[in-house]
Structure formats: C-alpha cells, structure tokens
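Here are my notes on the model you asked me to look over. Please read them with the structure open.

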Amino acid sequence: MNSFAKLLIAGIGAIVASAFVLGSAHAVPLTDLEGPNGGSIVVGDKTFNNFACNITTLNFGLPLTCDQIDVVGLAADASGNIGIRFQTLFTAADLGLIAAEDVLLSFVVTVTDPNSLIKDVEMVFNGSVVGNAITGVVETAFAGGQPCSGPVIGQISVTNPPPVLNASDDLSSPQKQVCITKDIGLAAFTVNSVGTISFIDQRFSQTTNVPEPATLALLGVGLLGLGVVRRRRKVA
C-alpha cells in the first residue's frame, strides 16, 4: 500500500470519529429509521420517517453499508428553517483503480400544522475533491409519501466541481407531506485522486396560510357582537 493510501485511510478514520463525536448527541443510524415501521425524527412541526437506503460501490468507495450513515435533526437556522443532516464520510478514492460510490436515500417529511405547509427544499453539502474526482447530490421532491413515485414537484442539485455547495427550489405547490430522494455520487478517476462528502443538510421553508377575507369579516362581526353584549351588561 503506497504512502498516499495509508495517509488517506488514517485521515478517513480520524474524520469519521470526529464527525460522530460532534453529532452523537442527536445522531440516529439511518437503518433504525428505515421502512414504514422504523423510527422517526421529530424537529419542530415536522416528522421525518420512512427512510430507505441503497449503496453501490466500486473499488475504494465508502460507506459500505447504510448503518454507517447517521441522521441528525437540525434546529432552526437564521431564517427559521429546520431540517435534518445525513453524516458519514462518503468517499471515492483511486488507489490504483477507478473508484466510485453511489448512495440512494429517500425519506418522507410531514408537517403537523396544516396552516404551515412546505413550500421549498434547500440543500447544503461540503463535497470536496483532490485531483481528478467529482462529488454531487441530486435531490428530487415528490408529492405524498413512500414510495417516491407521485408527481415531481421540485428538483435541486449540488456539485463539486464546479463548486455549487448549496441549492434551493420552490415546489410547484405547497405540501403537507413530501417524499424526498437523494442520489449521492462520488468518483475518482486517476491514481491518488479522491472525492469526499461528510455532511448533507436538508432544510425546508414553509408558508403560513392567511385567513381569507370572508373569515376575517366573520371574526370582525363576532368581536363586534361581543362588544355590544359587554356594553349592555354594563348598562344593566
């Protein structure tokens, strides 16, 4: 094994250990969340469940199994948007042979408040490359639950190279429930080249329904009537 390979493997071990320590307080192995009878992660008014995962590797690609991927709930950011993070060290490293890693993930997100529907999807990742390598994630949003086969209502992608590390897109219509698929791809094409991703963040913006004019009018009439009753009681 050449010195680059030894250094790479040692570095991967250190980064993976560090990532798991940082996220261990709220991290859940993805395999604990798989299927309709799996667990769920609740963040604010959103429930994330019914996860699915499939991995295909070529030569030195990581991770090898879905239980090596953790899911972590994300608190609200500066815009008030919450979500989840997928974390592990996704890797494709050419140690003498072309390497590739392809991970297919999916999950369902459901909003508990009917007045605050999901209106867009947002994704951030830290894909990096050394030498002749690529990293990227393509995300597709479908209306409804699993399987993700309903109407496509949005799609975004992040890549490096070129370095497009965040993306967002408005859904074609606000939804109470959305099924998300992520196609995570990494490849390394020449000796000592490597592509890595250690986290993929997913957040959602929401829209709050404003009462229709007729509803506001009824509310006004009700308040007016309540005021009249109170004045009559004072007179009596």
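The points below run from confidence and overall make-up to disulfides, salt bridges and surface.

1. **Ground rules.** This is a predicted model, in which local features need pLDDT of at least 70 and side-chain atom pairs count only at pLDDT 80 or more, while totals for chains, interfaces and linings use all residues. Residues are numbered from 1 along each chain as its sequence is written, and side-chain values use heavy atoms, with hydrogens and water left out.

2. **Confidence.** pLDDT is the predictor's confidence in each residue, from 0 to 100. The protein chain averages 85. A score of at least 70 is reached by 77% of the residues. Residues 13-25 fall below 50, and this stretch has nine contacts in the model beyond near neighbours in sequence (a contact means heavy atoms within 4.5 Å). Residues 210-226 also stay under 50. For residues 210-226 the model has one contact beyond four places in sequence.

3. **Overall make-up.** The protein chain has two helices and 14 strands. These are DSSP runs numbered from the N terminus: helices are H or I with at least four residues, strands are E with at least two. Of the 236 residues, 39% are buried. Buried means under 20% relative accessible area, exposed over 50%, and partly exposed in between (1.4 Å probe, protein chains only). Among contacts with a separation of 6 or more, 74% join residues 24 or more positions apart.

4. **Disulfides, overall.** The structure holds two disulfides, each defined as a pair of cysteine sulfur atoms within 2.5 Å. With bonded cysteines counted along the chain, the pattern is 1-2, 3-4.

5. **Cysteine 53 and cysteine 66.** The sulfur atoms of this pair are 2.0 Å apart. The torsion about the S-S bond is about -85 degrees, so the disulfide is left-handed. Cysteine 53 sits in strand S3, and cysteine 66 in the loop between strand S4 (61-62) and strand S5 (70-74), so the bond ties together parts that are 13 residues apart in sequence. Both cysteine 53 and cysteine 66 are buried.

6. **Cysteine 148 and cysteine 179.** Here the sulfur atoms are 1.8 Å apart. This link is also left-handed, with -70 degrees about the S-S bond. The pair links distant parts of the chain, 31 residues apart. Cysteine 148 is in the loop between strand S10 (133-143) and strand S11 (152-160), and cysteine 179 is in strand S13 (residues 177-188). Cysteine 148 counts as buried because its relative accessibility is 16%. Cysteine 179 is buried too, at 0%.

7. **Salt bridges, overall.** Side chains of opposite charge can pair when their charged atoms come close. The whole structure has four salt bridges. The criterion is a side-chain nitrogen of Lys or Arg within 4 Å of a carboxyl oxygen of Asp or Glu.

8. **Which residues does strand S14 pair through?** Two of its residues deserve a look: arginine 203 and aspartate 201. Arginine 203 pairs with aspartate 77, the closest N and O atoms being 3.8 Å apart. Aspartate 77 lies in the loop between S5 and strand S6 (83-93), 126 residues from arginine 203 in sequence. Arginine 203 is buried at 17% relative accessibility, whereas aspartate 77 is partly exposed at 28%. Aspartate 201 meets arginine 85 at 2.6 Å, N to O. Arginine 85 is in strand S6, 116 residues away in sequence. Aspartate 201 is buried at 10%, and arginine 85 is partly exposed at 25%.

9. **Lysine 46.** Lysine 46 forms a salt bridge with aspartate 45, with closest N and O atoms 3.5 Å apart. Is lysine 46 buried or exposed? Lysine 46 counts as buried, because its relative accessibility is 0%.

10. **Valine 28.** Valine 28 is in strand S1 (residues 28-29). Valine 28 is partly exposed, at 23% relative accessible area. Leaving aside neighbours within four places in sequence, valine 28 contacts Leu33, Ile41, Ile69, Asp70 and Val71.

11. **Surface patch.** Leu58, Ile98, Ile134 and Phe189 make a nonpolar surface patch of about 330 Å². Patch residues have over 30% relative accessible area and no salt bridge; like charges are joined within 9 Å, nonpolar side chains (Val, Leu, Ile, Met, Phe, Trp, Tyr) within 5 Å. Leucine 58 belongs to strand S3 (residues 46-58) and is partly exposed at 41%.

How values were computed:
Accessible areas come from the Shrake-Rupley method with a 1.4 Å probe; for residues, only the protein chains shown count as cover.
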